Amino acid sequence: MTWKVTPSGPLSGEIDVPGDKSITHRGYIFGAMARGRTVVSNPLIAEDTESTLKAVINLGVKVEREEGAVVIYGEGKESLTEPGDVLDLGNSGTSVRLLAGLLSGCSFFSTLTGDTSLRSRPMARIVEPLRMMGAAVDGRGEGSLPPLSIRGGGLKGIRYASPVASAQIKSCVLIAAISAAGQTVFTEPSLSRDHTERIMEHTGISFERDGNTLTLDGGQSPSGAEIAVPGDISSAAFFLVAAAVLKGSSLTVRGVGINPTRTGLLDLLEAMDVKIDVKEQPGSGPEPVADITVTGSGSLKGLDVPVEWIPRIIDEIPLVAVAAAAAEGRTVIRGAEELRIKESDRIATTVRMLRRAGVDASETADGFVVEGGADIRCSDHDSNGDHRIAMASVILSLMGNSSSTVVDTACVATSFPGFTNSMNSLAPGTITDLAKDQ
Ligand code: S3P
């Protein structure tokens, strides 16, 4: 699909965004491992999370869809059965890495694969600890790329220090550790999103935290639970940044998850002089929720982004680049080499997006430098099959003074199928569908 994006002026009003992708994946996986009924309410219904749900169904778990919820009738992880076919996880790195942890604890054979992008994403980071735990995991490139084959079972606990602050690595190891005999001690260099730890607490898995080290005794079983999924802050981020850069905007996104390991963008926008108001709401699930209002003054200032903020803004960095383009002065991102191995090489695709719009931007090995304040020119953007680049290109185009296009936008369905409707509900006619791509 190709979108035509027509600048709309300031954005005002209130919107909701779909449920959080990370928490929905975990709700389904813990529901499959649990004994008892798990109700995942307000789940994200999008290609990535549907990939996890389909995999869970293919492992023999009974699942029912209700209005606004998915109900999982778990009978314990011992009841999972060998899938009759390869599990295809589409574009979803989280699905492959978290399910590899689950399947390593199951004494049967399974194979995990995905689309071209997923099959080029690094897996040695999870294969190494899973092999240490005793799982027979293999894949292309000596186990470094999907498809991955797993013959699981008989795991033992390990001590493992992850070289990267990655919630996918942490979650993979923790999920496997639940099935292992003995203790697992996992350390990460800085705290990555902690949704797995919260869901473990919520479903009765005990563990200890000491700084960035987690200790968990194996042989436990989660209990069925109500898992209330808040709005995804990574989806809200597109509208928050749009309101921040479009002078005269006043926009509220309702019911957004504000887990502190995910709210780096809010701190960053405040540091760039954007006015943000966060009103915490009573929540019922394992995660805090708030209504977030951004008022656009049109005067942002560039920022040397502290390296320690990177894990808390990792999925929002293309949008940081958009805010940087609108800001006075220079913005620098460093310590973000993980971006090179996301759904696209997001350092390259982000910088390309800015340059197409006439912004002075350049890549570094682990980030980029943006000189802000230039006029944004209308341009032809290409998502490169990356949902977040497609949506960030739309927000950047809103700052132009005539229409732009974005090609290859079907990927947006992996995380935010209703994005065009949400955008057009705020500013009618902003996105129109020009043509179906071949
Ligand atoms: C995710 C963790 C992050 C993030 C991804 C979702 C998760 O990846 O970029 O979109 O749900 O655990 P890494 O753990 O690889 O940093």
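A pocket here is an open set of grid points where a 1.4 Å probe fits, with protein on both sides within 12 Å along at least five of seven lines. With that in hand, here are some close-ups of this predicted model.

**View 1. The largest pocket, at about 650 Å³.** Ala165, Ser166, Ile314, Glu338 and Lys342 are the residues closest to the centre of this pocket, out of 38 that line it. Looking for landmarks? Helices α1 (21–33), α3 (93–104), α6 (167–179) and α10 (310–313) are the elements that each give two or more residues to the lining. Both domains take part: domain 1 (2–19 + 230–437) and domain 2 (21–228) each supply at least three lining residues. As for the chemistry of the lining of the largest pocket, 18 residues are charged, 11 are nonpolar and nine are polar.

**View 2. The second largest pocket, at about 300 Å³.** Fifteen residues line this one, and those closest to its centre are Val245, Gly298, Ala326, Ala374 and Met399. The lining of the second largest pocket splits into nine nonpolar residues, three polar and three charged.

**View 3. Helix α8 packed with helix α9.** Here α8 (residues 233–245) meets α9 (residues 264–271) at an angle of about 15°, and their axes sit 10 Å apart. That angle makes α8 roughly parallel to α9, since angles under 35 degrees count as roughly parallel. The crossing of α8 and α9 is right-handed.

**View 4. Helix α11 packed with helix α12.** This pair brings together α11 (residues 317–326) and α12 (residues 346–356), with an angle of about 30° between them and 10 Å between their axes. So α11 and α12 also count as roughly parallel to each other. Their handedness is easy to note too: α11 and α12 make a right-handed crossing.

**View 5. A cis peptide bond between two prolines.** Zoom in on proline 146 and proline 147, and you'll find them joined by a cis peptide bond, with omega at about 0°. Proline 147 belongs to strand β9, which runs over residues 145–151.

**View 6. A positive phi at glutamate 142.** Glutamate 142 isn't a glycine, yet its phi is positive, at about 55°. This glutamate 142 is part of helix α5, which covers residues 140–143.

Technical notes: Residues are numbered from 1 along each chain as its sequence is written. This is a predicted model: local features need pLDDT of at least 70, side-chain atom pairs count only at pLDDT 80 or more; totals for chains, interfaces and linings use all residues. Side-chain values use heavy atoms; hydrogens and water are left out. On a 1 Å grid over the protein atoms alone, a cavity is a set of points where a 1.4 Å probe fits but cannot get out, and a pocket is an open set with protein on both sides within 12 Å along at least five of seven lines; lining residues have an atom within 4 Å of a point. Grid points are joined across faces, edges and corners, and a volume is the space filled by probe spheres set on the points. Helices (H or I, at least four residues) and strands (E, at least two) are DSSP runs, numbered from the N terminus. Ala, Val, Leu, Ile, Met, Phe, Trp, Tyr, Cys and Pro count as nonpolar, Asp, Glu, Lys and Arg as charged, and the others, Gly among them, as polar. Domain bounds come from an automatic or database domain assignment. Axes are lines fitted to C-alpha atoms, for helices over the stretch in contact, and angles run from 0 to 180 degrees between N-to-C directions. Angles under 35 degrees count as roughly parallel, over 145 as roughly antiparallel, 65 to 115 as roughly perpendicular and the rest as oblique. A crossing is left-handed if the near helix is turned anticlockwise from the far one by less than a right angle, and right-handed if clockwise.
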